[in-house]
Each structure stands twice: as structure tokens, then as C-alpha cells.
Amino acid sequence: MSVSVRLNPLLAIGGLVTVALVAGLLISANSPATENAADTGPATTKVRAPDKPLDVIGKTSAAQAASEISQRLFTASPVAVLADAGDPEAQRIAVKAATELGVPALLDHADASAEIERLNASKVLTFGVTRSVPGTVAVPLDEAAAEAEVARLSKGGAASPRTLDAVVVTRSERVNIVAAATARIAGAQVIEIPDADPRTNPEVAGYFAKHPDQPVIAIGSAFEQLAYPLDVVRRDIQQPSGGYLALGKHYTAMYGHPGAPQLGVLGEQGVRASIERVGRLVRKYQRASGSDDFVPTFEIIATVASASAGKDKNYSTETSVKKLLPMVDAAEKAGIYVILDLQPGRTDFLTQAKKYRSLLE
């Protein structure tokens, strides 16, 4: 189901605009892993879907990432492929062999032996690896030799492709070529997000909107803040002005307070007339710039700093939500963004902003 939510209200502090973002948290469920009933490849090779909606593999090397992906998506494999972590040609041939066999590909590093043992792999095809690994079959860095070994192990038949309910994301597939290959071999979808933000790429965002329930494994510390933007694109929460991000647009605002012309042009006319006036203002900017990237906006003065302490002793006069609501509601219906201008006096911005939570929401 696709849910469209307006994210109108922004928060302006002392005339300077800041955006109020509410982070969505994804809850990790620690349920037992489920095995894919349609496993293929060498006998007893088993894959599994991730047991978390979002799993971020933090700061890690390409070699560690390959082992981490294998650990999350494979439960067992009698055969594994191991390549020299510093040899791109060895990795290329190893990935091809692992793909044809339908088994995990790994890079040689300190933890690789532990992953091979966990997989219960009795045979390990190595490419460019000089150290001794139990069950090693050292394969020359030659495609013909690799193909001959693959044919011997698979009895001449390549593994059938798998489909696994999982997505693996990485900033660079070139850097994590073996980890990405292992994910695909398990049947997962692999997506490259160079800036680690799915909201900036319409194609990536569209994929997650169509597959909102697929578990995601993210490779790299750049994805440590992925939970909120992933939730946004999964739920397809787009801005009224288009796209997923509030920033990067020109907010063209009328400033003031309802019914108070001395405080700005927004108070010089009624709500309906203000909506028409800001529309004309935006069209002037569009014509002058030749761009449509201008967003009609009301910057409403919600609180005013005062010389007297007032009943709450905070030296700020607050307008009630009830008084501001008609203008905010009308703006929302007309596709106009709203900025609340706060002058908190001797209280703090957050305390005062909470008084207007219902408008911000």
C-alpha cells in the first residue's frame, strides 16, 4: 500500500528557517531465520532470508563485508570460493566460479577461516591465495582451469538462479564486488546507492516503494542513519511540491500574522486572499527565473518576544493553536508550505515548539 503524507509544516526560529524532521525507527525482529525451500547448487547448500527489516554492517573492509553477507544469507555450503583480497583478477574469476556453482564467494582475511568452518565447507576453491586452508583446491588464475574445476564439482551443470526476499545495498559495488556477488548468488537484490540516501534516487526510491517489506542489509557505516530515509521511501511519503526532500527548493514566503497588518503582508488580507496573493508572488519568481522550483509558503508569526514577563514569565506572547489553525488548514489544502516563526523570549525553542506540535504534525 502506498501512503502519501503531507510534510508541510516547517519550523522557523527567529526568522531563520530550520526543518523539523521526525525520525522513523525500524524495529528489528530477532525471529529465527527461514531457509529457502528452492535451494539450488551443490547438495546441502542452504540460503536464508534476513531476520531483521534493516541490518547495517558498519565500518568494515571489503573482505569482512563478503564474510558478513555470507553469514547473513547462507546457513551452509559444502563448497566455498576464496580469493586474494588484493588481486582484482583473482576476485573476478572467483566470482564467476562461485556464481556458476551457486556457493558463497569470500575474500581471504583473518575471519575467512571461521566463516568457511561455519558454512561446514569441506572443499574450498582458492584463487590467488597462498596460505593453506583446510579442504583447499588451489585453482590457477586461468578461466579455463576454473571452468574445468567448476564442471567437475557441478557435474557439468550450472546452478539454477535463486530468488531470496532480501535487498543488499552498498555505496559502491566495485568496492564490494565479492560481497555483492555473494548476495546475488543467494538470490538477493543488490542496489547501489552512492550517497547512502535512497530519497535522492527516484529509481531506488521507487523500488523500495514497490517492495516495502523486503528486509535490507546495508554495507558500510555511511548507512548508519538509513532507518529514517528508508522508511520514507518505503511508505512513499513525498513532499506536496514533489520528491522526498524538503530542502533544495526555493520557499517563496509571505510573512506575518493573521489579522495584524503591522506585522507583515500575511496579515494584510484574509486567508483566501493570502492564498491567491502568494500564488501570484510565486508565478513572478518563476517567470523571472525561468524555473518552476519555487514553493508557495506562509511564514506565520506564532510567538512574539515581549518586554513584559507575562503570566508564564517567559517574555514571549504565544498565539493559540486554535487561532492559527484556519490559516494552516487552508494552506495545507492549497499545497502551501507553512513555517511557524517562534520568538521564545526566555524559554527555549523546543519547549515553545511543542506547544504547536499539532500544527507541525
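A residue counts as buried under 20% relative accessible area, as exposed over 50%, and as partly exposed in between. The model examined here is predicted. Lys313 has a relative accessibility of 61% and therefore counts as exposed. This residue sits in the loop between strand E16 (303-305) and strand E17 (316-318). Its phi is positive, about 65°, although Lys313 is not a glycine.

A second non-glycine residue with positive phi is Ala196, where the angle is near 65°. Ala196 lies in the loop between strand E12 (189-192) and helix H6 (202-210). Its relative accessibility is 10%, so Ala196 counts as buried. By the cut-offs above, then, Ala196 falls under the 20% limit, whereas Lys313 lies over the 50% limit.

The chain as a whole comes next. The protein chain contains eleven helices and 18 strands. It has 361 residues, of which 45% count as buried. The exposed surface amounts to about 17900 Å². Carbon and sulfur atoms supply 53% of that area. Contacts were also examined by sequence separation. Among those between residues at least 6 apart in sequence, 68% join residues at least 24 apart.

One sheet is described in detail. It is open, has four strands and follows the order E8-E7-E9-E10. The pairing is parallel. Strand E8 (105-107) and strand E10 (136-138) stand at the edges. Each edge strand has a single partner, so one side of each is left without a neighbour in the sheet. From one strand to the next, the twist averages 30°. Within the sheet, strand E7 (residues 79-83) and strand E9 (residues 123-127) run parallel and are joined by five bridges. Val79 stands opposite Lys123 in E9. Helix H2 (residues 88-101) lies across E7, E8 and E9. This helix runs at about 170° to E7.

Aromatic side chains were then considered. The count comes to three aromatic pairs. One of them is formed by Tyr251 and Tyr337. The ring centres are 5.2 Å apart, and the planes meet at 55°. The pair is tilted, because 55° is neither under 30 degrees, as stacking requires, nor over 60, as edge-to-face requires. The pair links distant parts of the chain. Tyr251 belongs to strand E14 (residues 250-256) and Tyr337 to strand E18 (residues 337-342), with their positions 86 residues apart in sequence. The two partners differ in exposure. Tyr251 is partly exposed, at 25% relative accessible area. Tyr337 is buried, at 0%.

A further ring takes part in a contact with a charged residue. Arg346 lies over the face of Tyr315. The distance to the ring centre is 4.2 Å.

Leu263 offers another link across the sequence. It is placed in the loop between E14 and helix H8 (271-289). With a relative accessible area of 33%, Leu263 is partly exposed, since this value falls between the 20% and 50% limits. Beyond residues up to four places away in sequence, Leu263 touches Tyr255, Gly256, His257 and Ile301. Leu263 and Ile301 are 38 residues apart in sequence. In space, their C-alpha atoms are 8.3 Å apart.

Methods
Residues numbered from 1 in each chain as written. Predicted model: local features only at pLDDT ≥ 70, side-chain atom pairs only at ≥ 80, totals over all residues. Heavy atoms only, no water. Phe/Tyr/Trp six-rings, centres within 6.5 Å; stacked < 30°, edge-to-face > 60°. Helix = DSSP H or I, 4+ residues; strand = E, 2+ residues; numbered from the N terminus. Buried < 20%, exposed > 50% of the residue type's maximum accessible area, 1.4 Å probe, protein only. Lys NZ or Arg CZ within 6 Å of the ring centre and 35° of its normal. Pairing = 2+ DSSP bridges. Axes fitted to C-alpha atoms, helices over the stretch in contact; angles between N-to-C directions. Contact = heavy atoms within 4.5 Å. Areas by Shrake-Rupley, 256 points an atom, 1.4 Å probe, with all protein chains shown as cover.
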